[in-house]
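Trainee: Please take me closely through a single part of this model. I should like to see how that part is built and what lies against it.

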Amino acid sequence: MRGRGERRRRILRGVAWAAVYVLGLVLLVPSGAWMWWQTPPSAPGTDVNALWARHQWVGEPHTDAEYRSFADLLRRNRITDVYFHAGPFEADGTVPANLYRNAPALLAALHRYAPTVRAQAYLGQIRKVDGHGIIDLDDRNVRTNVLATDRTFLDLGFAGVHYDFEPIYPDDAAFLALLDDTRALTKSRGKLLSVAIEQKTLVDAAQPIFKALLPRTGGFRYPARPTATFLRALAARADQVAIMAYDTQLWTKSLVGLHFAKHAQWTLDLIGDRTTVFLGVPTYRSSTGWAEDLPTALRGVRKGIDALGRQPKKPFGVGIYADWTTSEKDWQDYRKEWPPKAPAGRAAQEQG
């Protein structure tokens, strides 16, 4: 009896110490993040940035004044690439023509008022996984139709194709095959291929465990995030990779900032020499909107740039998600936190 009681006490002591250890981590990480967050970043923002834009620009007519105003907004905020929502794809890989009936007028207006901005056709759909979803990229005929649709948008005058298929898992050979074929098409036309993808997984080594134990569908599923190997594979095929780093679900500004800083540092270290990287930052109100907002995300990205050993060889910046949720106050916050300060002559020219 005495031995059994001693074993029970040892087990309870072990559980108690484990609980203390976990509690210590829970308290230590936020407090450490808070201390780290107090030092302002020194790295400036950049002049190469993207914006996800609403479907109405390609689907509905606009006045000349609206086009002028939009072009001015892009110029003042150093937006070089705009992903105009032009889809989504139908299940067979096509897009009905009535969805983008205003695209020629939009592109003509941008050519007049914002000729240096690259307007890309933002196309995507829910990728079919384990029988759930809409578009089956494993079907070669579907991928052939996607390419034919891409040609239509490039023929209209778009500067490139921007894919946003979700979810994409790091063993998705069919998606990589589609990127290979799309890159051949865009390269032959002198156009761009860009890809939106989830933020990198925290621990690549955990992926086989997730894959073995968790389903890929349903509410509690294997998270569809790229490994380092998969991100490199994307970077080898795409001219631009946009990391959807937003929607953190973290509950303090310092933790949100740390999230954006780490993903900026990891991603730029990993693929910044291979392709243009945009770190996606939010202007919508998330479920933890008191912590995750645009200024916090931008400050976090800049602190991540501070942590780089050297600057990436390729251009990089942020991608704002999205124009339909961005208020004038958001744009003011963005200009305060992100674009590098223009020289006096340039600043006066931009206000003209």
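Mentor: Two residues are in contact when heavy atoms lie within 4.5 Å. This is a predicted model, in which local features need pLDDT of at least 70 and side-chain atom pairs count only at pLDDT 80 or more, while totals for chains, interfaces and linings use all residues. Residues are numbered from 1 along each chain as its sequence is written, and side-chain values use heavy atoms, with hydrogens and water left out.

The part I have chosen is helix α9, residues 253-271. The protein has twelve helices and eight strands (DSSP runs, H or I of at least four residues for helices and E of at least two for strands, numbered from the N terminus). The 19 residues of α9 should span 27 Å at 1.5 Å a residue (1.5 Å times one less than the number of residues), and the end C-alpha atoms of α9 are indeed 27 Å apart, which agrees. Of these 19 residues, 14 are buried (under 20% relative accessible area, with a 1.4 Å probe and protein chains only), so α9 is largely enclosed by the rest of the structure. In the protein as a whole, buried residues make up 49% of the 352 residues.

One partner of α9 is helix α10, residues 294-306. The two pack at an angle of about 45°, and their axes (lines fitted to C-alpha atoms over the stretch in contact, with angles from 0 to 180 degrees between N-to-C directions) are 7 Å apart. The helices α9 and α10 are therefore oblique to each other (neither under 35 degrees, roughly parallel, nor over 145, roughly antiparallel, nor 65 to 115, roughly perpendicular). Their crossing is right-handed (the near helix is turned clockwise from the far one by less than a right angle).

On the α9 side, the residues that meet α10 are K253, V256, G257, F260, A261, A264, Q265 and L268. They face T296, A297, G300, V301, K303, G304 and I305 in α10. Together, the residues of this contact divide into eight nonpolar, five polar and two charged (Ala, Val, Leu, Ile, Met, Phe, Trp, Tyr, Cys and Pro count as nonpolar, Asp, Glu, Lys and Arg as charged, and the others, Gly among them, as polar).

Finally, consider the wider setting. Among contacts in the protein between residues at least 6 apart in sequence, 81% join residues at least 24 apart.

Notes:
Buried means under 20% relative accessible area, exposed over 50%, partly exposed in between (1.4 Å probe, protein chains only).
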